[in-house]
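Open the model in your viewer and keep the selection tool at hand. The tour goes element by element.

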Amino acid sequence: MDETEYPEHPREKHRGPVVLRRGRRVEATTTDERLLDSRGPTDWVHTDPWRVLRIQAEFVEGFGALAEVPRAVTVFGSARTPRDHPEYELGRKIGTALAQAGFAAITGGGPGSMEAVNRGASEAGGLSIGLGIELPFEQGLNPWVDLGVNFRYFFTRKTMFIKYAQAFICLPGGFGTLDELFEALTLVQTKKVTKFPVVLFGRSYWGGLYDWIKGTVYAEGKIGEKDLALLHVTDDIDDAVRVVQEAYKAWEDTH
């Protein structure tokens, strides 16, 4: 029976869950043959289906490595902060304060402010975690990371930042810090995560952004009063830790 007689039921070929019809169903080889045949080009390792397995592997490795991490706070900040800059010492003190309060410190694992936070947490006897990312330029995990995981994909890494932390603290930073900041705010606003405070540390750095959000975004009705309250701007380490502790206690009370 010709497929032109019944165009609603064209002849097809099945490749696992994938259905191939018309010209697509003509293939010179089978999936098994392509798997077992060691000859030919290696382009297949760069195909999208193969990337799915890599992505899956990253999630499995990340979940496995971090599953038993105690309560934690993710701290973001610039990789460009030199060790002799006041913001480096600030990051170090925040890492120390988090460790003393019983929180693990999670950073992007890089240099600058990230290194400072990891260093402070490690030197204080706390758990210092670094979640690295593959970049065009060599970076690597800083030497004060006690538990490190390297990722190929930003979105996998972002999941780990959120899943295993009870709060965000943002030190002065660039596009990466801003990206994580607004992603966290979106997840809290849409209730994908709950009881998750976002602390902006450094009024002189973050004050202009907060004023714009309040004076423009909130004033024009693009966000609500509760959304604005998700942000806490401070210059005081004890105040930042207090916000984190109160949020964690509120989370504990509901779980």
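This is a predicted model. Begin with what packs against helix 2: its buried residues are covered by elements that include strand 5 (128–133), strand 6 (147–151) and helix 5 (154–163).

Now select helix 2 itself, residues 48–66. Glu58, Gly62 and Leu66 are its buried residues. Because they cover an arc of only 35° around the axis, they sit on the same side of helix 2. In an α-helix there are 3.6 residues a turn, so residues three or four places apart point the same way. Turn to the other side of helix 2, where Pro49, Val60, Glu61 and Gly64 are exposed.

For a length check, pick the end C-alpha atoms of helix 2: they are 27 Å apart, which agrees with the 27 Å that its 19 residues should span at 1.5 Å a residue.

Next, select strand 3, residues 72–76. How many of its residues are buried? The count is 5 of the 5, so strand 3 is largely enclosed by the rest of the structure. Ala72, Thr74 and Phe76 are buried on one side, and Val73 and Val75 on the other.

Add strand 4, residues 104–107, which pairs with strand 3 in the parallel sense over 3 bridges. Threonine 74 has isoleucine 106 as its bridge partner in strand 4. Follow the chain from strand 3 through helix 3 (residues 86–100) to strand 4: this β-α-β crossover is right-handed.

Finally, add strand 7, residues 168–170, which runs parallel to strand 3 and is joined to it by 3 bridges. Here the bridge partner of threonine 74 is phenylalanine 168.

Conventions: Residues numbered from 1 in each chain as written. Predicted model: local features only at pLDDT ≥ 70, side-chain atom pairs only at ≥ 80, totals over all residues. Heavy atoms only, no water. Buried < 20%, exposed > 50% of the residue type's maximum accessible area, 1.4 Å probe, protein only. Helix = DSSP H or I, 4+ residues; strand = E, 2+ residues; numbered from the N terminus. Pairing = 2+ DSSP bridges. Right-handed = clockwise from strand over helix to strand, strands pointing away. Expected span 1.5 Å × (residues − 1). Arc of directions from axis to C-beta. Contact = heavy atoms within 4.5 Å.
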